[in-house]
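User: I am new to this structure and would like a close look at a single part of it. Please choose one part and walk me through what its residues do with the rest of the chain.

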Amino acid sequence: MNNSRAGDNPQTRRSKNLAIMALMLALTIFFCFQPIPIPGGVTLAFMILPLLIVAQGYDFKMTISLAVLMAAVNQIAWYSTKAANPMAAIWQNPLVCMVPRILIGVASYFMGYGLRKVFIHPKYKIDGNGIRNLVNGVQIYAKDSAIAAASTAVGVIVNTFFCGLFTVLLYNGKILTNGTMISIEYILTWFGINFLIEIIAFTIIVPPIIFALRKAGLVPQPIMGKEIIVSDESRADENGMDGAEEII
């Protein structure tokens, strides 16, 4: 199992990546300017969902590019369609609005990259014709989905932590236009509700999307650790257990 679908060439992969990038950017723009409220008066930050997907499915160049674009679009939204919101004065600050969004991509990507390198190892069994056959494909996709969920959770945590941190450091004690005073208690309540909903929702949503995109060939296969060659076929076939293994 490699990082491209069989038959893909660099030009094909670039074309697919550009198409996915355009789609994810379009979704980001839509969710930035058209937030989706859920019962209870909470607005789920769906605008970070495309970035979380890209961070788990593509390379760092695509991830950081979308992260910067998403941060810029979000900043523009707070100066335009969201300018009348009482929280606008806070979100118009790039430290609160942009930096945490960019860090989502950085944290989620490198967490996923590191975990896949450590915990995912393709196992191959060589047949009589010298052809390598992958024997742990199901385990690879299961681990990949679990890692996508964990890395998505890290991205949500980083976003919430730094948004809250910068808000407290820069605006603690300030009074908003609606008369609300910014305090640590207010920040914990405000961000805490959204955080719980987002971390649950996105860790459930992202893994099946990544799985489906990988199976469809729209997302490269996961970057994995060292390959393992199962050299003792007779023992490997018994009770579904692997025989002697060689790591290459």
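Analyst: Let's begin with a term. A nonpolar patch is built from side chains of Val, Leu, Ile, Met, Phe, Trp and Tyr that lie within 5 Å of each other, in residues with over 30% relative accessible area and no salt bridge. Please keep in mind that this is a predicted model. The part I have chosen is helix α7, which spans residues 137-171.

A patch of this kind sits on the surface here: Leu95, Phe161, Leu165, Leu169 and Leu170 form it, with about 440 Å² of accessible area together. Helix α7 gives the largest share, four residues. One residue to look at is Leu170, which has its place in α7. Leu170 has a relative accessible area of 35%, so it counts as partly exposed.

Now turn to the inside. In soluble globular proteins, nonpolar side chains tend to be buried together. The largest nonpolar core in this model has 30 residues, and Ile48, Leu52, Ile53 and Phe202 are the ones that touch the most other members. Helix α7 is among the elements that give two or more residues to this core, along with α1 (10-33), α2 (49-57), α3 (60-79) and α8 (184-215). The greatest contribution, six residues, is made by α8. Leu52 shows what the surroundings look like: beyond its neighbours within four places in sequence, Leu52 is in contact with Ile104, Ser108, Thr152, Gly155, Val156, Phe202 and Val206. Another core, of 14 residues, lies apart from the largest one, and Tyr171 is among its members, as are Met87, Ala88 and Cys97.

Charged residues come next. Side chains of opposite charge can pair when their charged atoms come close. The structure holds three salt bridges. In one of them, the side chains of Asp144 and Arg116 meet at 2.6 Å, N to O. Asp144 is in helix α7 and Arg116 in helix α6, and this pair links parts of the chain 28 residues apart. Asp144 and Arg116 are both buried. Asp144 also meets Arg214 in a salt bridge, at 2.7 Å, N to O. Because Asp144 lies in α7 and Arg214 in α8, this pair ties together parts that are 70 residues apart in sequence. Arg214 is buried, as is Asp144. Put together, Arg116, Asp144 and Arg214 are linked in a network of salt bridges.

Aromatic rings complete the picture. A search of the whole structure finds eleven aromatic pairs. As a point of reference away from α7, the rings of Phe60 and Tyr109 have their centres 5.4 Å apart and their planes at 50 degrees, so that pair is tilted. Phe60 belongs to helix α3 and Tyr109 to helix α6, so this pair joins parts 49 residues apart in sequence. Phe60, at 27% relative accessibility, is partly exposed, while Tyr109, at 9%, is buried. Helix α7 takes part through another pair: Tyr141 and Phe211 are arranged edge-to-face, 5.4 Å centre to centre, with 85 degrees between the planes. Tyr141 is in α7 and Phe211 in α8, so this pair links parts of the chain 70 residues apart. Tyr141 is buried at 12% relative accessibility, whereas Phe211 is partly exposed at 35%.

To recap, α7 gives four residues to the surface patch, places Asp144 in the salt-bridge network and, through Tyr141, shares an aromatic pair with α8.

Conventions:
Residues are numbered from 1 along each chain as its sequence is written. This is a predicted model: local features need pLDDT of at least 70, side-chain atom pairs count only at pLDDT 80 or more; totals for chains, interfaces and linings use all residues. Side-chain values use heavy atoms; hydrogens and water are left out. A nonpolar core is a set of buried Ala, Val, Leu, Ile, Met, Phe, Trp, Tyr and Cys residues joined through side-chain atoms within 4.5 Å. Buried means under 20% relative accessible area, exposed over 50%, partly exposed in between (1.4 Å probe, protein chains only). Contact means heavy atoms within 4.5 Å. Patches are made of residues with over 30% relative accessible area and no salt bridge: like charges are joined within 9 Å, nonpolar side chains (Val, Leu, Ile, Met, Phe, Trp, Tyr) within 5 Å. Accessible areas come from the Shrake-Rupley method with a 1.4 Å probe; for residues, only the protein chains shown count as cover. A salt bridge is a side-chain nitrogen of Lys or Arg within 4 Å of a carboxyl oxygen of Asp or Glu. Rings of Phe, Tyr and Trp (its six-membered ring) pair if their centres lie within 6.5 Å; planes under 30 degrees apart count as stacked, over 60 as edge-to-face and the rest as tilted.
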